[in-house]
Amino acid sequence: MLVHQLLLALAVWALGAAGVRLAGQVSPGGLERMVVAVVLCATAIMIETLGLGLVGLGADPAALTAGTVVMYVAARLLLPSSGPGPGQELRELLARASPGARLALGAAVGVLVSTAIFCAITPNIGVDGVGYHFPEVLSWIDSGHPGRIVNPIIGLPTGWYPLSNEVILTWSMGISRSFVPTGLWMSVQLGLIMSAGWLGLRRLGVAPWTAALVLAAILAGPDIAVEVNTPKNDIASLTWLITCGALVARAVPDRSRLYPIAWLAAALALGSKTTSGPMVVVLLHYGAYRMRAW
């Protein structure tokens with residue numbers, strides 16, 4: 001129904017506005033603030049959905065939307081303004097950017113929009129999606145208890161797998177009562193890979209064109225090409241892993257507040273797929289070393 005899509009739009013706006021305001025207490029602005037905001041928003045979704053799930057409201061459209069509105073109001077009342085808004089920052093960035101930079105930014109936005117349209121009109125649920133990803137999400141939406149163990153495949157304990165990505169899908173699909181958010185969420189993840197990857201590589205001194213080629217190679221990889229319109233967790237885990245690495249790279253003693261956000265991104269990566277575990281350990285230990293060495 002249209003009302004559910006409007007509720008999702010309201011929830012996303014309220015959550016995003018609250019996330020940007022909270023991120024402004026950690027990061028001064030720019031692309032870094034937006035990356036931090038996405039991590040905080042995903043964490044808030046996990047807490048809200050699982051928390052409401054304890055009382056059977058973890059997929060209730062009204063309860064989930066109301067929860068995000070409460071977060072927004074609380075952020076407005078309790079947190080100071082974090083400077084110019086994202087829209088004003090974008091206008092200022094475009095005003096001083098070179099034609100080549102504007103072209104690159106336009107191309108990146110075009111890729112994300114095209115991906116969102118492609119995912120919306122050509123969904124590919126896939127074997128794993130049919131087997132357990134969507135059955136888990138739909139079961140939680142039906143019961144109102146996200147996080148409850150569901151084993152749709154007899155003899156294969158998929159209910160014990162990390163399920164962060166499924167919880168996020170439950171939040172969006174529970175509000176909208178449709179499968180549309182699946183494709184949109186994939187586009188958000190690709191945008192986060194590009195944004196966080198750029199921040200991390202540039203912080204490490206990688207030249208702009210080299211950083212762009214690295215990110216293009218990642219986005220053209222077989223996993224992303226095959227899974228971009230499916231509900232599988234590989235892209236989600238990679239997204240949070242890259243985000244964790246970027247925040248670690250930018251966290252130094254005078255930017256120490258970024259390091260806890262890197263831990264949140266690491267938790268989301270592990271919560272999506274445990275194969276990210278070794279890299280998470282390396283990144284967080286490297287971050288701890290940087291915090292002491294600088």
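This is a short walk through one predicted model, from its core outward to its surface and its salt bridges.

I will start with the core. The largest nonpolar core has 60 residues, and the members that touch the most others are V36, V39, W171, W240, C244, L247 and I261. Eight helices are worth marking on your display here: α1 (2-23), α2 (30-53), α6 (126-143), α7 (164-176), α8 (180-203), α11, α12 (258-272) and α13 (277-293) each give at least two residues to this core. The largest share, 10 residues, is from α2. As background, nonpolar side chains in soluble globular proteins tend to be buried together.

Take I261 as an example. Which residues does I261 touch, once those up to four places away in sequence are set aside? They are V26, V36, V39, L40 and L247.

Next, helix α11, residues 234-250. Its 17 residues reach 25 Å from the first C-alpha to the last, close to the expected 24 Å. Of those 17 residues, 15 are buried, so α11 is largely enclosed by the rest of the structure.

Helix α3, residues 61-78, also agrees with its expected length: 18 residues should span 26 Å, and the end C-alpha atoms are 26 Å apart. Its buried residues are P61, A63, L64, T65, G67, T68 and A75. The cover over them includes α1, α2 and α7.

Now the surface. There is a nonpolar patch of about 670 Å², made by L90, L93, L94, L105, V109, V113, I117 and I121. Helices α4 (86-96) and α5 (99-121) each supply at least two of its residues, and α5 has the largest share, with 5. One member, L90, lies in α4. How accessible is L90? Its relative accessible area is 41%, so L90 counts as partly exposed.

Two loop residues come next. N124 sits in the loop between α5 and α6 and is partly exposed at 37% relative accessible area. Neighbours within four places aside, N124 is in contact with V226, N229, T230 and P231. By contrast, N124 and R91 are 33 residues apart in sequence, and their C-alpha atoms are 36 Å apart.

The other loop residue is R177, between α7 and α8. R177 is not a glycine, yet it has a positive phi of about 55°. Its relative accessibility is 41%, which makes R177 partly exposed.

Last, the salt bridges. The whole structure has 6 of them. D128 pairs with K232, with the closest N and O atoms 3.5 Å apart. D128 is in helix α6 and K232 is in the loop between α10 (222-227) and α11, so this pair ties together parts 104 residues apart in sequence. Both ends are partly exposed, D128 at 25% and K232 at 24%.

K232 also forms a salt bridge with E227, where the closest N and O atoms are 3.6 Å apart. E227 is buried, with a relative accessible area of 6%.

What does D234 pair with? Its partner is K273, with the closest N and O atoms at 2.7 Å. D234 lies in α11 and K273 in the loop between α12 and α13, so the pair links parts 39 residues apart in sequence. K273 is partly exposed, at 29%. Finally, E32, R250 and R255 are joined into one network by salt bridges that share partners.

Methods. Residues are numbered from 1 along each chain as its sequence is written. This is a predicted model: local features need pLDDT of at least 70, side-chain atom pairs count only at pLDDT 80 or more; totals for chains, interfaces and linings use all residues. Side-chain values use heavy atoms; hydrogens and water are left out. Helices (H or I, at least four residues) and strands (E, at least two) are DSSP runs, numbered from the N terminus. The expected span of a helix is 1.5 Å times one less than its number of residues. Buried means under 20% relative accessible area, exposed over 50%, partly exposed in between (1.4 Å probe, protein chains only). Patches are made of residues with over 30% relative accessible area and no salt bridge: like charges are joined within 9 Å, nonpolar side chains (Val, Leu, Ile, Met, Phe, Trp, Tyr) within 5 Å. Accessible areas come from the Shrake-Rupley method with a 1.4 Å probe; for residues, only the protein chains shown count as cover. A salt bridge is a side-chain nitrogen of Lys or Arg within 4 Å of a carboxyl oxygen of Asp or Glu. A nonpolar core is a set of buried Ala, Val, Leu, Ile, Met, Phe, Trp, Tyr and Cys residues joined through side-chain atoms within 4.5 Å. Contact means heavy atoms within 4.5 Å.
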